[in-house]
Amino acid sequence: MSLYESFLRPLMFRMDPESIHEKALKAIASGALRLPRFDDPRLEQTLFGVQFSNPLGLAAGFDKNAVAIDHWKRLGFGFMEMGTITYHAQPGNDKPRLFRLPKDKGLINRMGFNNDGAHALVPRLAAARPGIPVGINMGKSKVTPIEDAAKDYQESFKLLQSLGDYFVVNVSSPNTPGLRTLQEKGPLLEILAALREVNGEKPMFVKVAPDLELSALDDVIEVAHEAKLTGLIATNTTIGREGLWQDPGEAGGLSGRPVWEKSNRVLSYFRKAVDKDMILIGVGGIFTGQDMFDKIKLGAHLCQMYTGWIYGGPNTAPRILKELVDLMDRDGIKTLDELRASG
């Protein structure tokens with residue numbers, strides 16, 4: 001057990017989750033944390049014209065406002081996704097809005113897209129030197145009526161289009177009223193068409209909820225093909241609470257280990273149904289190299305983590321990547337493509 005797990009995490013978990021999150025983010029942004037990376041040529045790949053040194057990324061939600069964007073490479077990540085960002089700056093939902101479930105290795109959040117707004121992100125991203133690919137996750141502003149959602153996403157994209165390596169349409173957070181209805185075929189096509197009007201070349205993903213019925217997943221797949229999406233992200237947080245050791249009775253999206261099976265179900269379904277050239281990003285419940293090995297075997301080209309990093313600590317990314325390569329060695333697998341093909 002690491003020093004973080006045996007001493008620092010128990011100490012930090014006695015404090016308010018959001019306060020600790022902000023303190024940790026400031027420490028990372030200061031450059032105080034610098035750890036040895038784990039690099040291996042077998043983990044390198046070029047996808048949608050972007051070079052990735054490894055397939056493990058920081059999921060959206062941790063560094064919403066890109067305040068530590070230049071430092072995630074130093075913590076071992078192969079890419080990072082900032083946001084969710086909205087066109088209008090917004091404070092998010094009332095506090096408290098972040099809750100730990102240690103026995104379940106989970107988190108519940110109902111942050112509500114608290115962020116500085118797209119305008120504030122432009123100079124920050126323009127000055128950034130992250131050294132790794134950066135995704136920009138975009139959501140609908142709470143003040144924008146649902147019928148004007150496409151225009152809202154479009155205005156954010158107009159400002160940010162030159163500043164990200166790929167873009168994500170987030171229509172699956174449970175914490176903005178009505179947002180998940182935008183996963184339906186009509187509204188989603190309208191949003192994507194509005195973005196393509198601005199720039200039809202940028203890699204574009206849609207992030208989906210783990211709670212969708214198979215028929216709704218079929219609609220998302222149809223939209224992905226019709227709109228010529230670069231790929232899909234499986235998945236966001238769940239609103240389900242089944243199987244928990246401890247349910248605090250708080251509303252919001254549940255992440256971490258409890259979403260593992262649901263996210264894998266969606267990922268596996270996508271892998272079997274989408275065109276071969278569509279990129280899949282697997283997120284939800286990654287804590288170990290075995291977890292990442294399993295996600296890639298199910299079809300993920302890239303993986304992301306958030307909750308697992310909070311529970312595992314600063315050395316998590318290099319540890320997971322080494323464990324992944326050890327598992328590939330064990331099974332005689334030489335490339336990530338080969339691992340995907342083995343599923």
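1. The largest pocket of this predicted model has a volume of about 740 Å³. Its lining is made up of 48 residues. Those that lie nearest the centre of the pocket are Ala-60, Gly-61, Phe-62, Lys-64 and Tyr-306. Two or more lining residues are contributed by each of helix 2 (17–29), strand 4 (79–85), strand 6 (106–109), strand 11 (253–256) and helix 9 (307–312). Of these elements, helix 2 supplies the largest share, with 5 residues.

2. The lining of the largest pocket may also be described by residue class. Polar residues number 23, nonpolar residues 18 and charged residues 7.

3. Glu-81 deserves separate attention. This residue is found in strand 4, an element that gives two or more residues to the lining of the largest pocket. Glu-81 is buried, yet it has no salt bridge. Lys-207 offers the nearest side chain of opposite charge, at 4.8 Å. Because a salt bridge requires a side-chain nitrogen of Lys or Arg within 4 Å of a carboxyl oxygen of Asp or Glu, the distance of 4.8 Å between Glu-81 and Lys-207 does not qualify. The side chain of Glu-81 does have a polar contact of 2.9 Å with the side chain of Asn-137.

4. Salt bridges in the whole structure come to 17. Side chains of opposite charge can pair when their charged atoms come close. Several of these pairs are discussed in the points that follow.

5. Arg-37 and Asp-39 form a salt bridge through their side chains, with an N to O distance of 3.4 Å. Arg-37 is located in the loop between helix 2 and strand 1 (45–47). With a relative accessible area of 23%, Arg-37 is classed as partly exposed. The C-alpha atoms of Arg-37 and Leu-58 are 15 Å apart in space, and the two residues are separated by 21 residues in sequence.

6. A second salt bridge joins the side chains of Lys-262 and Glu-242, with an N to O distance of 2.7 Å. Lys-262 belongs to helix 7 (residues 260–273), whereas Glu-242 sits in the loop between strand 10 (231–234) and strand 11, so the pair ties together parts that are 20 residues apart in sequence. Glu-242 is exposed, its relative accessible area being 55%.

7. Helix 10 (residues 316–330) holds both partners of a further pair, Glu-323 and Arg-319. Their closest N and O atoms are 3.2 Å apart, and the two residues form a salt bridge. Glu-323 and Arg-319 are 4 residues apart in the helix, which means that about one helical turn separates them. Both partners are partly exposed: the relative accessible area is 27% for Glu-323 and 30% for Arg-319.

8. Salt bridges also link Glu-18, Lys-95 and Arg-97 in a network. Lys-95 has a further feature, since a cis peptide bond joins this residue to Pro-96, with omega of about -5°. Pro-96 is found in the loop between strand 4 and strand 5 (98–101).

9. Another cis peptide bond runs from Ala-234 to Thr-235, with omega near 10°. Thr-235 is found in the loop between strand 10 and strand 11. Glu-242, the partner of Lys-262 in the salt bridge of point 6, is placed in the loop between strand 10 and strand 11 as well. A colleague checking the backbone may wish to view both cis bonds, Lys-95 to Pro-96 and Ala-234 to Thr-235.

10. Two residues are noted for positive phi values. Phe-48, which is not a glycine, has a positive phi of about 40°. Its place is in the loop between strand 1 and strand 2 (50–52), and at 22% relative accessibility Phe-48 counts as partly exposed. Lys-228, likewise a residue other than glycine, has a positive phi near 55°. Lys-228 is found in the loop between helix 6 (214–226) and strand 10, and its relative accessibility of 66% makes it exposed.

Technical notes
Residues are numbered from 1 along each chain as its sequence is written. This is a predicted model: local features need pLDDT of at least 70, side-chain atom pairs count only at pLDDT 80 or more; totals for chains, interfaces and linings use all residues. Side-chain values use heavy atoms; hydrogens and water are left out. On a 1 Å grid over the protein atoms alone, a cavity is a set of points where a 1.4 Å probe fits but cannot get out, and a pocket is an open set with protein on both sides within 12 Å along at least five of seven lines; lining residues have an atom within 4 Å of a point. Grid points are joined across faces, edges and corners, and a volume is the space filled by probe spheres set on the points. Ala, Val, Leu, Ile, Met, Phe, Trp, Tyr, Cys and Pro count as nonpolar, Asp, Glu, Lys and Arg as charged, and the others, Gly among them, as polar. Buried means under 20% relative accessible area, exposed over 50%, partly exposed in between (1.4 Å probe, protein chains only). Lys and Arg count as positive and Asp and Glu as negative; His and the chain ends are not counted. A polar contact is a pair of N or O atoms within 3.5 Å; within protein, one must be able to donate a hydrogen and the other to accept it, and residues adjacent in sequence count only if both atoms are side-chain atoms.
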